[in-house]
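Please open the structure in a viewer and keep the selection panel at hand. The tour below proceeds by selections, each followed by a description of what is found there.

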Amino acid sequence: MARRLWRDGTGVLVVAGEDGGPGVRVPLEVARSYRARARGLLGRDSLDGAMLLTPASSVHTFRMRMPIDVAYLDRRFRVIAVRTMRPGRLGLPRVRSRHVLEAEAGVMAGWGVRAGARVEILGDVGGREE
């Protein structure tokens, strides 16, 4: 089976509509490198859209300035769980999680990001199939 390799960059997060409709499109930052994942949302007061950390199975909010929504995704980009985390917290690793989405607290519910939902990544974060 081919495995997609991402690179740091920007793109679009597409959350599939419940009725099979076009879904919601959200600006996305992708953090693939160790340096980008380690920096994440540290030092930011806000985020326009979402950030994808890949690969990742857990996150922390130490030294963050804002609460965030965290969605754990499996290898097929299906949402395993969604949690809201206040600053200064350590999230437990999710066994099947391969990617983590982060966004400002409260916005994921409006996008339709919930357990069982499927998301897609579009844009300039491609890479190669392996």
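The tour begins with the whole chain and then turns to the sheet, the cores and some single residues.

**The whole chain**

Select the entire protein and colour it by secondary structure. The model is a predicted one. Two helices and seven strands are present, and along the sequence these elements follow the pattern β-β-α-β-β-β-β-α-β. Of the 130 residues, 40% count as buried. Contacts that reach across the sequence can be considered next: among those between residues at least 6 apart, 62% join residues at least 24 apart.

**The sheet**

Now select the seven strands. Together they form an open sheet in the order 5-4-6-3-2-1-7, with mixed pairing. Which strands form the edges? They are strand 5, residues 79–85, and strand 7, residues 119–123, each of which pairs on one side only. On average, neighbouring strands of this sheet are turned by 30 degrees against each other, direction ignored.

**Strand 6 and its two partners**

Select residues 99–104, which make up strand 6. Five of the six residues of strand 6 are buried, so this strand is largely enclosed by the rest of the structure.

Add strand 4, residues 68–73, to the selection. Strand 4 and strand 6 pair in the antiparallel sense over six bridges. Within this part of the sheet, Asp 69 stands opposite Ala 103 of strand 6.

Then add strand 3, residues 50–53. Strand 3 also pairs with strand 6 in the antiparallel sense, over four bridges. Leu 53 has Val 100 in strand 6 as its bridge partner.

**The nonpolar cores**

Show side chains for Leu 13, Leu 28, Leu 52, Leu 101 and Trp 111. These residues have the most contacts inside the largest nonpolar core, which has 19 residues. The elements that give two or more residues to this core are strand 1 (9–15), strand 2 (24–31), strand 3, strand 4, strand 6, helix 2 (107–111) and strand 7. Strand 2 gives the most, with three residues. In soluble globular proteins, nonpolar side chains tend to be buried together.

Centre the view on Trp 111. What does Trp 111 contact, leaving aside its neighbours within four places in sequence? The residues are Val 15, Val 24, Val 26, Gly 49, Ala 50 and Ala 103. Apart from the largest core lies another, of 16 residues, and Ala 36, Val 59, Val 70 and Ala 81 are among them.

**Ala 31, in strand 2**

Select Ala 31, which has its place in strand 2. Is Ala 31 buried or exposed? Ala 31 counts as buried, because its relative accessibility is 3% and the limit for burial is under 20%. Not counting residues up to four places away in sequence, Ala 31 touches Asp 8, Ala 36, Arg 37, Met 51, Leu 52, Leu 53 and Thr 54. A distance may also be drawn from Ala 31 to Val 100: their C-alpha atoms are separated by 10.0 Å, with their positions 69 residues apart along the chain.

**Ala 105, after strand 6**

Move to Ala 105, in the loop between strand 6 and helix 2. Ala 105 is partly exposed, with a relative accessible area of 34%. Residues up to four places away in sequence aside, Ala 105 touches Pro 67, Ile 68, Asp 69 and Thr 84. Ala 105 and Pro 67 are 38 residues apart in sequence, and their C-alpha atoms are 5.5 Å apart in space.

**Gly 123, in an edge strand**

Select Gly 123, which belongs to strand 7, one of the edge strands. At 59% relative accessibility, Gly 123 counts as exposed. Gly 123 touches Thr 10 and Gly 11, residues up to four places away in sequence not being counted. Measured against the chain, Gly 123 and Val 12 are 111 residues apart, yet the C-alpha to C-alpha distance is 5.9 Å.**The rings**

Finally, select Tyr 72 and Arg 94. Arg 94 lies over the face of Tyr 72, at 5.0 Å from the ring centre. As for ring against ring, the structure holds zero aromatic pairs.

Key: Residues are numbered from 1 along each chain as its sequence is written. This is a predicted model: local features need pLDDT of at least 70, side-chain atom pairs count only at pLDDT 80 or more; totals for chains, interfaces and linings use all residues. Side-chain values use heavy atoms; hydrogens and water are left out. Rings of Phe, Tyr and Trp (its six-membered ring) pair if their centres lie within 6.5 Å; planes under 30 degrees apart count as stacked, over 60 as edge-to-face and the rest as tilted. A charge sits over a ring if NZ of Lys or CZ of Arg is within 6 Å of the ring centre and within 35 degrees of the ring normal. Two strands pair if DSSP finds at least two bridges between them. Axes are lines fitted to C-alpha atoms, for helices over the stretch in contact, and angles run from 0 to 180 degrees between N-to-C directions. A nonpolar core is a set of buried Ala, Val, Leu, Ile, Met, Phe, Trp, Tyr and Cys residues joined through side-chain atoms within 4.5 Å. Buried means under 20% relative accessible area, exposed over 50%, partly exposed in between (1.4 Å probe, protein chains only). Contact means heavy atoms within 4.5 Å.
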